[in-house]
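Thanks for coming. I have one structure to go through this morning, and I will take it contact by contact. Please have a look at it first.

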Amino acid sequence: MSDARARERARLITALLGPDGPELTCEECFEQLDRYVDLALAKAEPDRAVPGMREHLVGCPACRDDFDSLLEFVGGGGVPPASS
């Protein structure tokens, strides 16, 4: 199996199983999104302040789109969550 295929397989398995730690619901994500973006732009440890947000954004395309749009709107230009 090629390296690229193995990485894609691992990514898909991780996406199916979900994160090891806490993860927000879509409703919780929406409630905390402004705060998370503000903290990310200020480089003020958003993942520590809003545990589970990064994991949720990695696994939820709808919330990730909201995050990307808000980040672009306020001028952040792309502080993407790291994938697991």
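Let me start with one residue, Met 53. If we set aside its neighbours within four places in sequence, Met 53 is in contact with Leu 24, Cys 29, Gln 32, Leu 33 and Tyr 36. Keep in mind throughout that this is a predicted model.

Now the core. The largest nonpolar core has 13 residues, and Met 53 is among the six that touch the most other members, along with Cys 29, Tyr 36, Val 50, Leu 57 and Phe 67. Which elements give two or more residues to this core? They are α2, residues 26-41, then α4, residues 53-59, and α5, residues 61-73. The most comes from α2, which gives five residues. As general background, nonpolar side chains in soluble globular proteins tend to be buried together.

Next, the cysteines. How many disulfides does a search of the whole structure find? Zero. Take Cys 29: the nearest cysteine sulfur belongs to Cys 63 and is 3.9 Å away, and Cys 29 is in no disulfide. A pair of cysteine sulfurs has to be within 2.5 Å to count as a disulfide, so a distance such as that does not qualify. Cys 60 is in no disulfide either; for Cys 60 the nearest cysteine sulfur is again that of Cys 63, at 3.7 Å. Cys 29 is buried, with a relative accessible area of 1%. Cys 60 is buried as well, at 13%.

That leaves the charged pairs. The structure holds three salt bridges.

One of them joins Glu 45 to Arg 48, with the closest N and O atoms 3.0 Å apart. Is each partner buried or exposed? Glu 45 is partly exposed, at 46% relative accessible area, while Arg 48 counts as exposed, at 67%.

Another runs between Arg 54 and Asp 47, where the closest N and O atoms are 2.5 Å apart. Arg 54 counts as partly exposed, at 22% relative accessibility, and Asp 47 is partly exposed too, at 31%.

The remaining pair is Arg 64 with Asp 68, with 2.9 Å between the closest N and O atoms. What separates these two along the chain? They are four residues apart in helix α5, which means about one helical turn lies between them. Asp 68 counts as partly exposed, at 32% relative accessibility.

So, to recap: a largest nonpolar core of 13 residues, zero disulfides and three salt bridges. That is what I had.

Conventions:
Residues are numbered from 1 along each chain as its sequence is written. This is a predicted model: local features need pLDDT of at least 70, side-chain atom pairs count only at pLDDT 80 or more; totals for chains, interfaces and linings use all residues. Side-chain values use heavy atoms; hydrogens and water are left out. A nonpolar core is a set of buried Ala, Val, Leu, Ile, Met, Phe, Trp, Tyr and Cys residues joined through side-chain atoms within 4.5 Å. Buried means under 20% relative accessible area, exposed over 50%, partly exposed in between (1.4 Å probe, protein chains only). Contact means heavy atoms within 4.5 Å. A salt bridge is a side-chain nitrogen of Lys or Arg within 4 Å of a carboxyl oxygen of Asp or Glu.
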